[in-house]
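Subject: Structure for you to look at

Hi,

Here is the structure I promised to pass on. Have it open while you read, and I'll walk you through what turned up.

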Amino acid sequence: MAAFVVLTAIGAYLTVQYLTGGNGTPRCVVVSGTDDGASYEFTPEQAANAATISAVGTSRELPERAVTIALATALQESSLRNIAHGDRDSLGLFQQRPSQGWGTEQQIQDPVYAAGEFYEHLVKVDDYERLPLTVAAQRVQRSGYPEAYAKHEPDAALLAAALTGRSAATLTCEGRRDTTGTGTAYTGGPDAVRSALARDFGDESFESAAAVVSSEGGASAEASTAPSPSVSPAVGTVTIPLTDAGNAGTAGNTDRIRQRGWELAHWAVANSSRLGVERVSYAGREWVAEGRAGAWRKARGVAGGAAGSATEVRIVTGQ
């Protein structure tokens, strides 16, 4: 009997090790879309902040290069953590200083505001897209160690390719809540997802294609991306339509829809630990929380609609 108990305990331990990659801390991984073996492993907290930085950039219609520069800068300045300390009065993801006109302490510690301020300064740099990343970042940051940004460029490029949607199914997370106390506060459910979409991408980004929230097996209710007190299902699905009827069928529009779909799908996965996301499906693929780092797989079916549609992103929450 004792031997059976020991074997059972060992089996349970090995299962946990397999599912978590060898430790109890939730993790995320981004890989190259070109199968060159490049990868970057990071935490759910870092993933959520990276997704915000990218969303703020794309909502301003900035190129992927701008997002790469911003992510590399934040990796160097804060390790993609929204920290409340730094050199002198530096704060937040980009270590911006209230005394240097970057905003108030409260503003700088809002990731959306901080990313927006970085981009506002970046676009004023002449020909920043063609400059070496270290030069472009330094002209915004005025760092004492400008060459330090260069070492983060490969990881930032992987993140930008995934989070802007150019590389499909390349960002995964386990989706487990971070119980270490180092992550962003957990607020789950469909209304939280819609609110976070509006915060990161801006309300205007969803005016023409409002998110739809429905309880599993229940009726749908169209809503803006802001929270709706009238919709609070125990298990809900946030559906984001992607089709543009005016341009449907054109090659360029198909590519834009595909990229937008993967951008939103990766955003949802990156925020899964914080928002209680349990499943994301798009274009015949689905991600399910708490798998082997939440790996993408062929869609098997999603409650309330077609599995893995290429015309909508479906985000299923557990609350």
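Let's begin with the sheet. This is a predicted model, and it has an open sheet of three strands in the order E2-E1-E3, with antiparallel pairing. At the edges sit strand E2 (39–42) and strand E3 (171–173), each of which pairs on one side only. On average, neighbouring strands here are turned by 15° against each other, if you ignore direction.

In case pairing is new to you: strands of a sheet are held to one another through backbone hydrogen bonds, and they can run parallel or antiparallel.

Now for the individual pairs. Strand E1 (residues 28–31) pairs with E3 over three bridges, in the antiparallel sense. E1 also pairs with E2, again antiparallel, this time over four bridges. Try finding Cys28 on your screen: its bridge partner in E3 is Cys173, and its bridge partner in E2 is Phe42. Then look at Val29, which stands opposite Thr172 in E3.

What packs on this sheet? Helix H2 (residues 44–59) does, and it touches E1, E2 and E3. The direction of H2 makes about 115° with that of E2.

On to helix H6 (residues 133–141). Seven of its nine residues are buried, so H6 is largely enclosed by the rest of the structure. The buried ones are Leu133, Thr134, Ala136, Ala137, Gln138, Val140 and Gln141. Which helices do they pack against? You'll find helix H3 (64–78), helix H5 (111–122) and helix H7 (153–163) there. Just after H6 comes Arg142, with a positive phi of about 55°.

Last is helix H8 (residues 190–201), which makes a nice check you can do yourself. Its twelve residues should span 16 Å at 1.5 Å a residue, because the expected span counts one less than the number of residues. The C-alpha atoms at its ends are 16 Å apart, which agrees.

Is H8 mostly covered or mostly open? Mostly covered: ten of its twelve residues are buried. Among them are Pro190, Val193, Leu197 and Phe201, and also the charged-looking names on your list, Asp191, Arg194 and Asp200. H8 is followed by Gly202, whose phi is positive, near 95°.

Have a click around and tell me how you get on.

Cheers

Methods
Residues numbered from 1 in each chain as written. Predicted model: local features only at pLDDT ≥ 70, side-chain atom pairs only at ≥ 80, totals over all residues. Heavy atoms only, no water. Pairing = 2+ DSSP bridges. Helix = DSSP H or I, 4+ residues; strand = E, 2+ residues; numbered from the N terminus. Axes fitted to C-alpha atoms, helices over the stretch in contact; angles between N-to-C directions. Contact = heavy atoms within 4.5 Å. Buried < 20%, exposed > 50% of the residue type's maximum accessible area, 1.4 Å probe, protein only.
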